[in-house]
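Biologist: I've just opened this one and I'd like to learn how to read it. Could you walk me through it?

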Amino acid sequence: MAYSDKVLDHYENPRNVGAFDKSDENVGTGMVGAPACGDVMKLQIKVGPDDIIQDAVFKTYGCGSAIASSSLVTEWVKGKTLDEALSIRNTHIAEELALPPVKVHCSILAEDAIKAAVEDYRNKRG
Ligand code: FES
Ligand code: FES
């Protein structure tokens, strides 16, 4: 399968690989898996005043498209409010990375990871 230049760029130079302390009250952690292939993605956000996402990191065990999707969304969510981050759709990710149909579930994983991270943060904050 031919990967797009953008996928290869994020795959070879992933942005924001890492982890935050899960117990930090300003951190939301989203961990999701893809039943189709067994890949796992962990996305963490650090939230500041006014619900603005100040920083984001990820760790992904998976294919190039999953790594590129998670790398891309860590860039996209930074500076956004939680509600703005929740409006990111997998179709935006798939379009930006020119993912072929067979790889669309990789972008769904990234959308689900954002939702899970926001939900975790909101649960923590009550
Ligand atoms: Fe094997 Fe995603 S299917 S890495
Ligand atoms: Fe399954 Fe990419 S996440 S192939």
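Modeller: Happy to. One thing up front: this is a predicted model. Let's begin with the sheet, which is open and built from three strands in the order β1-β2-β3, with antiparallel pairing.

Biologist: What does pairing mean for strands, and which strands stand at the edges here?

Modeller: In general, strands of a sheet pair through backbone hydrogen bonds, either parallel or antiparallel. Here the edges are β1 (27–33) and β3 (53–61); each has a single partner strand, so one side of each is left without a neighbour in the sheet. From one strand to the next, the twist averages 15°.

Biologist: How many bridges join β1 and β2?

Modeller: Seven bridges, in the antiparallel sense, link β1 to strand β2 (residues 40–47). You can trace them by picking partners: T29 stands opposite Q44 in β2, and V27 has K46 of β2 as its bridge partner.

Biologist: And on the other side, how many bridges pair β2 with β3?

Modeller: Eight bridges, again antiparallel. Try following a residue of β2 across to β3: Q44 stands opposite V57, while K46 has D55 as its bridge partner.

Biologist: Which residues take a positive phi in the two hairpins?

Modeller: In the hairpin of β1 and β2, with six residues between the strands, look at G38, whose phi is positive and near 85°. In the hairpin of β2 and β3, five residues lie between the strands, and D50 has a positive phi near 60°.

Biologist: Now the helices. Which strands does α2 touch?

Modeller: Helix α2 (residues 64–77) packs on the sheet and touches β2 and β3, with its direction at about 175° to that of β3. Helix α5 lies across β1 and β2 and runs at about 140° to β1.

Biologist: How do I describe two helices that pack on each other?

Modeller: Two packed helices are described by the angle between their axes and the distance between the axes. Take α2 and α5: their axes come within 8 Å and cross at roughly 40°. That angle is why α2 is called oblique to α5. The crossing of this pair is right-handed.

Biologist: Which residues meet in the contact of α2 with α5?

Modeller: From α2 you have S65, A66, S69, S70, V73 and V77, and they meet C106, S107, L109, A110, A113 and I114 in α5. Sorted by class, the contact of α2 with α5 has eight nonpolar, four polar and no charged residues.

Biologist: Let me try another pair. At what angle do α2 and α4 cross?

Modeller: At roughly 110°, with axes that come within 10 Å. Angles of 65 to 115 degrees count as roughly perpendicular, so α2 and α4 are roughly perpendicular to each other. Their crossing is right-handed.

Biologist: Which residues does α2 use to meet α4?

Modeller: On α2 they are S65, A68, S69, L72 and V73, and on α4 they are I93, E96 and L97. The residues of this contact divide into five nonpolar, two polar and one charged. Notice that S65, S69 and V73 of α2 are listed for α4 and also for α5.

Biologist: That leaves α4 with α5. How far apart are their axes?

Modeller: They are 8 Å apart, and helix α4 (residues 90–97) packs against helix α5 (residues 104–125) at an angle of about 130°. The two are therefore oblique to each other, and the crossing of α4 and α5 is right-handed. N90, I93 and A94 of α4 make the contact with V104, S107, I108, A110 and E111 of α5. By class, there are five nonpolar, two polar and one charged residues in the contact of α4 with α5.

Biologist: Last one: what does UniProt list for residues 2–125?

Modeller: An unreviewed UniProt entry lists that span as "domain: NIF system FeS cluster assembly NifU N-terminal". In the model, residues 2–125 are 46% helix and 19% strand, and the end C-alpha atoms of the span lie 43 Å apart.

Note on methods. Residues are numbered from 1 along each chain as its sequence is written. Chains are lettered from A and ligands numbered from 1 in the order in which they are written. This is a predicted model: local features need pLDDT of at least 70, side-chain atom pairs count only at pLDDT 80 or more; totals for chains, interfaces and linings use all residues. Axes are lines fitted to C-alpha atoms, for helices over the stretch in contact, and angles run from 0 to 180 degrees between N-to-C directions. Helices (H or I, at least four residues) and strands (E, at least two) are DSSP runs, numbered from the N terminus. Angles under 35 degrees count as roughly parallel, over 145 as roughly antiparallel, 65 to 115 as roughly perpendicular and the rest as oblique. A crossing is left-handed if the near helix is turned anticlockwise from the far one by less than a right angle, and right-handed if clockwise. Two residues are in contact if their C-beta atoms, placed from the backbone, lie within 7 Å. Ala, Val, Leu, Ile, Met, Phe, Trp, Tyr, Cys and Pro count as nonpolar, Asp, Glu, Lys and Arg as charged, and the others, Gly among them, as polar. Two strands pair if DSSP finds at least two bridges between them. UniProt positions are given in the numbering used here, feature names are shortened, and annotations may be inferred rather than shown by experiment.
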